[in-house]
Amino acid sequence: MTKLETQVQVPRRTPKKKAYQVRLGSWWWALPALVLMLIVIYVTTIAGGFFAFTNWSGLGAFDFVGLQNFVKIFQTPELIGSLWNTLILAFGFLIFTNVLGLLFALALNRTLKSRYVLRTLIFMPVVVSPIAVSYIWKFIFDYNGPLNQALAGVGLPKQNWLADPGLAIWCVLVVMIWQNIGFVMVIYLAGLATVPIEMEEAAALDGAGPFSRFRLVVLPMIQPSVAIATTLTLIQGLRVFDQVVALTGGGPAGATQTLALEVYQQAFTYQQFGFGAALALVLSLLILLFSIAQQYATRDRSAKEA
């Protein structure tokens with residue numbers, strides 16, 4: 001055996017090239033966005049919370065009035081009415097949008113051949129501006145609009161949909177629900193996609209009916225989707241503004257006045273910025289309260305699964 005045959009060839013290691021790194025730290029790239037978010041969101045929120053305890057008009061000097069603005073809120077019948085209107089719209093929007101969105105998701109989940117086309121049609125109103133949708137529905141609800149024309153065609157009396165205090169708030173609720181069903185439907189479709197069809201088939205073989213399969217198999221597995229959909233719809237319902245402004249402007253006789261609209265009017269129409277900031281703080285605390293309750297409910301479920 002020759003020397004060349006016995007010599008072991010050891011492969012040489014090529015030095016690894018170091019990946020390119022930003023010397024000053026990658027967080028510098030996010031600094032402009034962080035500063036902008038700090039100014040636009042947090043600083044303005046803190047400033048608004050401070051002005052809620054003053055009588056500032058938006059310009060010039062102001063005096064610190066303590067809790068007078070909040071006492072005035074709960075002693076003014078019109079504002080209490082606005083609070084009730086906000087809660088009616090929020091919880092009505094929460095219930096009907098989630099129920100209808102879930103029903104559409106169940107109907108368009110698997111078997112229907114035209115489900116993709118129908119999903120698109122139901123989702124289309126979501127991408128349209130709420131103001132544009134509201135003005136379209138305002139035309140529909142007009143006394144001489146298509147809805148009353150259809151009622152007259154079948155022999156029913158016409159209604160003053162947006163001028164009747166008993167009907168106006170429900171018209172606003174209908175517009176809110178109609179535009180957002182598609183959004184909630186997509187959330188539930190994402191949850192239904194995680195449910196194995198084998199589990200439903202096994203439950204059917206065991207004799208479970210459609211409702212029992214939904215209650216015992218499907219619903220427990222889409223709980224995250226339920227939590228997300230209910231939280232988002234409740235917050236959106238509490239913050240309703242565009243539909244009220246476009247459809248009724250808060251009327252008739254304050255029947256559709258909401259807290260968000262009151263904040264805008266008090267601060268920018270009546271130049272009572274401090275009082276408007278107090279209303280905004282009450283609305284923010286109301287939203288925060290429901291958000292914490294929802295997070296607490298989902299946290300309990302996660303702890304049980306862990």
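These legends describe close-up views of a predicted model. In this predicted model, local features need pLDDT of at least 70 and side-chain atom pairs count only at pLDDT 80 or more, while totals for chains, interfaces and linings use all residues. Residues are numbered from 1 along each chain as its sequence is written, and side-chain values use heavy atoms, with hydrogens and water left out.

**View 1. Overall helical content of the protein chain.** The protein chain has 14 helices and zero strands; helices (H or I, at least four residues) and strands (E, at least two) are DSSP runs, numbered from the N terminus. Of its 306 residues, 36% count as buried. Buried means under 20% relative accessible area, exposed over 50%, and partly exposed in between (1.4 Å probe, protein chains only).

**View 2. Nonpolar surface patch that includes L38.** L34, V35, L36, M37, L38, I39, V40, I41, Y42 and V43 together offer about 900 Å² of accessible area. Such areas come from the Shrake-Rupley method with a 1.4 Å probe, and for residues only the protein chains shown count as cover. Patches are made of residues with over 30% relative accessible area and no salt bridge, joining like charges within 9 Å and nonpolar side chains (Val, Leu, Ile, Met, Phe, Trp, Tyr) within 5 Å. A salt bridge is a side-chain nitrogen of Lys or Arg within 4 Å of a carboxyl oxygen of Asp or Glu. L38 lies in helix α2 (residues 27-51) and counts as partly exposed because its relative accessibility is 47%.

**View 3. Helix α8, its N-terminal cap and its bend.** Helix α8 spans residues 165-192 and has 28 residues. Its first and last C-alpha atoms are 40 Å apart, close to the 40 Å expected at 1.5 Å a residue; the expected span is 1.5 Å times one less than the number of residues. At the N-terminal end, D164 acts as the cap, with a side-chain oxygen 2.9 Å from the backbone nitrogen of G166. At N180, α8 bends by about 45 degrees, the bend being the angle between axes fitted to the seven residues ending there and the seven starting there.

**View 4. Polar contact of S82 in helix α4.** S82 belongs to helix α4 (residues 77-107) and is buried because its relative accessibility is 1%. Its side chain makes a polar contact with the side chain of E262 at 3.3 Å. A polar contact is a pair of N or O atoms within 3.5 Å; within protein, one must be able to donate a hydrogen and the other to accept it, and residues adjacent in sequence count only if both atoms are side-chain atoms.

**View 5. Helix α11 and the pair A227 and A297.** The buried residues of α11 include S225, V226, A227 and A229. A227 and A297 are 70 residues apart in sequence, and their C-alpha atoms are 8.4 Å apart in space. A297 lies in helix α14 (residues 273-305) and is partly exposed, with a relative accessible area of 42%.

**View 6. Backbone features at P252, A253 and Q271.** G251 and P252 are joined by a cis peptide bond with omega about -5 degrees. P252 is in the loop between α12 (242-247) and α13 (259-269). A253 is found in the loop between α12 and α13, has a positive phi near 55 degrees, and is exposed at 84% relative accessible area. Q271, in the loop between α13 and α14, has a positive phi near 60 degrees.
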